Amino acid sequence: MKLTKENIQFIDNYLKNSEVVYYDIRLEMLDHISSAVEQKMEQENLDFYDAFKSYMVMHKKEILKGNKDGTSVSYSKEIFKNFLVFLIKPYMLVGLLGLFSLFHFVEVKNYFSDAFSINNLFFVLLMSVALFQIFYFYIFLKERFYMIERTGGLLAILYYGQIIFFPGYGNNESPSNLILTIFFYLLFAYVVYFINEVFKFKKRTKFLLQ
């Protein structure tokens with residue numbers, strides 16, 4: 001038996017009330033519970049509420065344990081590992097080659113002035129990505145994504161990294177082409193990864209609510 005949108009929403013609200021605050025972790029649980037309840041309804045000829053109640057009595061502790069496991073250090077490491085794998089995907093390496101060629105063969109720094117250097121551009125882009133992420137999730141979607149929040153730590157790494165590797169403000173010097181390539185590539189990759197994750201979860205949400 002196929003669950004209705006109301007049934008799906010009921011399960012989602014149940015998980016929210018059980019303090020599963022991260023949308024991506026909740027979506028994984030929602031998918032798992034929905035499939036199990038559908039199977040139970042069909043096999044035992046139960047209506048939705050009886051099947052759901054029966055299933056959760058047996059599996060609630062196990063399922064909600066995933067909420068705690070999802071916020072563990074090991075899970076965070078797995079997310080960063082996934083991002084590192086994403087960095088070496090073929091189409092991303094094409095972007096890396098393009099950035100390297102741009103900074104190597106074009107004197108990009110000459111297109112900037114002392115008042116607004118390429119260092120300033122990187123900082124502005126970095127802050128723009130961080131502010132957009134905050135606006136998109138917390139204000140527009142009003143949802144929290146564990147994977148994005150944890151991977152967002154990369155933005156902090158880039159921020160402190162540019163303080164270390166980029167010349168200080170008031171200094172007319174620019175980082176080497178290699179440093180520029182690495183920092184702009186990581187920022188570019190983060191944006192692509194961010195967009196990819198958003199579309200992936202939107203697709204899964206649409207599938208669940210069909």
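Helices here are DSSP runs of H or I at least four residues long, numbered from the N terminus. Helix H5, for instance, covers residues 90-105, and phenylalanine 100 sits in it. The model is a predicted one, and the protein chain in it has 9 helices and 0 strands. Read along the sequence, that gives the pattern α-α-α-α-α-α-α-α-α.

Some overall numbers come next. The protein chain has 210 residues, and buried ones make up 39% of them. Its accessible surface comes to about 12900 Å², with 63% of that belonging to carbon and sulfur atoms. As for contacts between residues at least 6 apart in sequence, 74% join residues at least 24 apart. One pair that is far apart along the chain involves phenylalanine 100 again: its C-alpha atom is 8.6 Å from that of leucine 180, with the two positions 80 residues apart in sequence terms. Is phenylalanine 100 buried, exposed or partly exposed? Its relative accessible area is 38%, so phenylalanine 100 goes down as partly exposed, given that the partly exposed class runs between the 20% and 50% cut-offs.

On to the inside of the protein. The largest nonpolar core has 55 residues, and the ones that touch the most other members are Ile11, Leu15, Ile33, Val37 and Phe122. Helix H9 (residues 177-208) puts in the largest share of this core, with 11 residues. Phenylalanine 122 has a good list of partners beyond its sequence neighbours: leaving out residues up to four places away, it touches Leu158, Gln162, Phe166, Phe183, Phe184 and Leu187.

Helix H6 (residues 118-141) turns up repeatedly, and tyrosine 138 is found in it. Glutamine 133 is in helix H6 too. What is the relative accessible area of glutamine 133? The value is 13%, so glutamine 133 counts as buried, the cut-off for that class being under 20%. The side chain of glutamine 133 makes a polar contact of 2.3 Å with the side chain of tyrosine 190. Tyr190 also shows up in the wider contact list of glutamine 133, along with Ile148, Gly152, Leu155 and Phe194, once neighbours within four places in sequence are set aside. Asparagine 120 has its place in helix H6 as well, and with a relative accessibility of 15% it counts as buried. A polar atom of the asparagine 120 side chain lies 2.7 Å from the backbone nitrogen of serine 117.

Tyrosine 138 is another story. At 43% relative accessibility, tyrosine 138 is classed as partly exposed. Together with Leu131, Ile134, Phe135, Ile139 and Phe140, Tyr138 makes a nonpolar surface patch of about 650 Å².

Then there are the charged side chains, where the count comes to 3 salt bridges. One of them pairs lysine 16 with aspartate 12, at 3.8 Å from N to O. Both residues lie in helix H1 (residues 5-17), 4 residues apart, or about one turn of the helix. How do the two partners compare with the surface? Lysine 16 is partly exposed at 39% relative accessible area, while aspartate 12 counts as buried at 11%.

Aspartate 12 has a second salt bridge, with the side chain of arginine 26, and here the N to O distance is 2.7 Å. Because aspartate 12 is in helix H1 and arginine 26 is in helix H2 (residues 23-44), this pair ties together parts that are 14 residues apart in sequence. Aspartate 12 and arginine 26 are both buried.

The other salt bridge links lysine 40 and glutamate 44, whose closest N and O atoms are 2.9 Å apart. Both of these residues lie in helix H2, again 4 residues apart and about one turn of the helix. Lysine 40 is buried, with a relative accessible area of 17%, whereas glutamate 44 counts as partly exposed at 42%. Through shared partners, salt bridges join Asp12, Lys16 and Arg26 into one network.

Conventions. Residues numbered from 1 in each chain as written. Predicted model: local features only at pLDDT ≥ 70, side-chain atom pairs only at ≥ 80, totals over all residues. Heavy atoms only, no water. Core = buried A, V, L, I, M, F, W, Y, C linked by side-chain atoms within 4.5 Å. Buried < 20%, exposed > 50% of the residue type's maximum accessible area, 1.4 Å probe, protein only. Helix = DSSP H or I, 4+ residues; strand = E, 2+ residues; numbered from the N terminus. Contact = heavy atoms within 4.5 Å. Patch = residues over 30% accessible without salt bridge, like charges linked within 9 Å, V, L, I, M, F, W, Y side chains within 5 Å. Areas by Shrake-Rupley, 256 points an atom, 1.4 Å probe, with all protein chains shown as cover. Salt bridge = Lys/Arg side-chain N within 4 Å of Asp/Glu carboxyl O. Polar contact = N/O pair within 3.5 Å; in protein donor to acceptor, adjacent residues only side chain to side chain.
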